[in-house]
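Student: I'd like a close look at one part of this structure, please. Could you pick the helix packing in one chain and walk me through it?

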Amino acid sequence: MTTAISIKNLGKTYANGLEALKGVSLEIEQGDFFALLGPNGAGKSTIIGVLSTLVNKSSGSVEIFGKNVDTHVYETKLDLGVVPQEVNFSQFEKVRDIVMTQAGYYGMPRALATERCEKYLRKLGLWEKRDERSRSLSGGMKRRLMIARALVHEPRLLILDEPTAGVDIELRRSMWEFLTEINNNGTTIVLTTHYLEEAEQLCRNIAIIDEGKIIENTSMRELLAELDSQTFILDTASKIPENFDIGLECATVRKIDDHSIELVVSGELSINDVFSQFDKLEVKVDGMRNKTNRLEQLFLSKLKGE
Amino acid sequence: MFTNHKFIAFETIVVREIRRFTRIWLQTLVPPAMMIGLYFVIFGNLVGRRIGEMGGFQYMEFIVPGLIMMSVIQNSYSNVVSSFFSHKFQHSIEEVLVSPVPNYVILCGFVVGGMARGLGVGAIVTAMSLFFTDLSIQNIPITIAVVLLTSIVFSLAGFINALFANSFDDISIVPTFVLTPLIYLGGVFYSVDLLPPFWKFISALNPIFYMVNTFRYGILGSSDVNVVWSFSILLLFIVILYCCCIFLLRRGTGLRT
């Protein structure tokens with residue numbers, strides 16, 4: 001399979017002496033939906049800045065679809081669409097003009113640009129707002145406009161820097177569906193987000209960066225398999241007796257109140273075994289949820305170096 | 001990027017620039033025209049009648065070319081500096097920086113945008129001057145060439161100012177403290193023959209002096225300077241400023257971290 005992004009020993013030291021990237025190496029396959037996670041200031045946006053040529057690297061090399069970004073500037077830029085963290089379009093221009101202008105920068109003839117503009121504004125629910133000035137859009141609409149703008153030249157690689165920050169849950173889920181659709185159609189997507197649930201839902205592979213270094217780079221499945229225990233909150237129909245014990249070696253329970261318990265299940269034990277035991281004890285479970293997101297649990301433990 | 005793609009990108013930048021300054025015409029087109037109109041009324045008409053002749057022409061006739069050139073210079077410069085800095089300030093310049101548009105196309109797009117406003121305001125001022133004096137152009141090719149080249153020079157200069165600017169103060173320092181004194185001391189309102197030898201020599205160091213006087217030569221057929229020398233200076237400035245802009249763009253000065 002072709003590599004969409006190949007980063008080798010990437011280093012970046014800013015003029016103020018801050019070493020944002022310390023020899024980052026990363027490979028992302030074509031067609032992947034890849035999560036780049038890390039705490040604030042870890043170096044995620046610097047990597048995106050280098051890929052999009054807004055940040056000059058200090059060392060290392062970057063290739064997009066096998067072409068070096070320094071020597072094949074035009075080809076690599078044609079393959080790339082970027083949705084930045086901050087709104088970066090003119091607040092005084094109309095929605096349609098912003099997308100059409102971007103199409104013009106990619107040398108698209110007017111007829112094709114008009115067709116693509118309508119296609120993506122409709123897909124992202126902005127067609128009705130096409131003649132409005134961008135400053136009148138809500139936060140979520142502005143984010144969608146940036147996605148439409150980044151897609152107008154139909155790049156093979158789309159980089160999204162926290163695309164759903166500040167977006168309500170309904171809109172976030174509709175954006176997930178849209179991104180999954182374009183990924184299924186062959187677009188490689190790199191996503192940075194602080195919503196770890198989002199990364200877990202969407203991404204197949206993941207890298208965690210901290211203090212300018214990649215500390216984990218694996219598939220989502222393998223990473224989640226590293227969890228040695230999971231914590232659930234269970235709501236029960238019947239009243240839970242005092243000193244309730246589930247009677248299983250690899251599971252512990254803690255009563256929260258009369259109708260809910262916290263259950264910690266180790267990796268060796270199947271959830272089926274736990275429920276069989278509840279049946280035996282005649283405890284009817286009404287509902288069950290993870291106490292914390294699984295990826296969040298792992299993310300925090302990786303950052304702590306556990 | 002293919003040539004036709006580059007042309008579409010260039011056209012996109014130019015159209016965007018023209019759309020910008022025409023959208024805010026009350027800020028970009030009316031005030032300069034009004035200011036020059038006041039110059040015509042006060043200096044040309046009221047004061048000028050008492051002055052009589054200057055350089056062999058009625059004072060109003062004498063100052064019209066200078067005032068047209070002043071509006072072209074100021075507006076070409078301020079359009080590029082304010083537009084490019086606004087794009088920087090709003091980060092919308094990133095739209096074009098992440099796209100495959102070559103640096104020289106970006107530069108030419110903004111320069112032509114600056115020229116469009118400079119020449120647009122120049123045309124308005126020229127039309128206004130017809131209310132005060134009869135304007136017959138003596139040498140059309142020289143008049144057009146000098147106004148176009150001057151507009152290019154100051155659009156390029158505005159671009160460099162915008163690259164280095166970090167705040168709105170930075171885009172007003174050069175026009176206020178450099179451009180305006182050079183224009184006023186560039187022979188817009190007087191003939192260099194009136195000056196003592198020392199100030200004549202100082203005037204000869206001011207590039208705007210050559211631009212104003214060559215434009216005056218094109219319109220009135222009389223000038224304080226050698227026209228060939230003036231065009232050489234203009235072309236030299238264009239080459240130097242263009243090279244500086246391309247160097248700064250390639251380096252990412254003020255744009256890339």
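Here is a walk through the helix packing in chain B.

Tutor: Keep in mind that this is a predicted model. Let's take helix H1 of chain B as the way in; H1(B) runs over residues 3–23. The axes of H1(B) and H6(B) come within 8 Å and cross at roughly 35°, and the crossing is right-handed. On the H1(B) side, the residues that touch H6(B) are Lys6(B), Ala9(B), Phe10(B), Ile13(B), Val14(B), Glu17(B), Ile18(B), Arg20(B) and Phe21(B). Across from them, H6(B) puts in Tyr104(B), Val105(B), Ile106(B), Cys108(B), Gly109(B), Phe110(B), Val112(B), Gly113(B), Ala116(B) and Arg117(B). Sorted by class, that contact comes to 13 nonpolar, 2 polar and 4 charged residues.

H1(B) also meets helix H4 of chain B, residues 59–89, and here the axes come within 11 Å and cross at roughly 105°. That angle makes H1(B) roughly perpendicular to H4(B). Arg16(B), Glu17(B), Arg20(B) and Phe21(B) are what H1(B) brings, set against Asn79(B), Ser82(B), Ser83(B) and His87(B) of H4(B). The class count for this one is 1 nonpolar, 4 polar and 3 charged residues. Glu17(B), Arg20(B) and Phe21(B) are worth picking out: they're among the H1(B) residues in the contact with H6(B), and they turn up in the contact with H4(B) as well.

Now follow H6(B), residues 103–129, to another partner, helix H3 of chain B, residues 30–51. Those two pack at about 30° with axes 10 Å apart, so H3(B) and H6(B) are roughly parallel. Their crossing is right-handed. Pro32(B), Ala33(B), Ile36(B), Gly37(B) and Phe40(B) from H3(B) touch Val121(B), Ile124(B), Val125(B), Met128(B) and Ser129(B) from H6(B). By class that's 8 nonpolar, 2 polar and no charged residues.

How does this fit with the record? An unreviewed UniProt entry marks residues 23–252 of chain B as "domain: ABC transmembrane type-2". In the model that stretch is 77% helix and 2% strand, with its end C-alpha atoms 29 Å apart. The entry, again unreviewed, also lists "transmembrane region" segments in chain B, including 24–47, 59–77, 104–132 and 227–249. Residues 59–77 come out as 100% helix, with the end C-alpha atoms 27 Å apart. Residues 227–249 are 100% helix too, with an end-to-end C-alpha distance of 33 Å.

Finally, a word on the neighbouring chain. The contact between the chains takes 25 residues from chain B and 29 from chain A. About 2,500 Å² is buried between them, and carbon and sulfur atoms give 53% of that. On the chain B side, Glu95(B), Val98(B) and Thr257(B) lose the most area to chain A, together 24% of what that side buries.

Conventions. Residues numbered from 1 in each chain as written. Chains lettered and ligands numbered in written order. Predicted model: local features only at pLDDT ≥ 70, side-chain atom pairs only at ≥ 80, totals over all residues. Heavy atoms only, no water. Axes fitted to C-alpha atoms, helices over the stretch in contact; angles between N-to-C directions. Helix = DSSP H or I, 4+ residues; strand = E, 2+ residues; numbered from the N terminus. Parallel < 35°, antiparallel > 145°, perpendicular 65-115°, else oblique. Left-handed = near helix turned anticlockwise from the far one by under 90°. Contact = heavy atoms within 4.5 Å. Nonpolar A, V, L, I, M, F, W, Y, C, P; charged D, E, K, R; others polar. UniProt positions renumbered as here; feature names shortened; annotations may be inferred. Buried area = accessible area lost by both parts, 1.4 Å probe.
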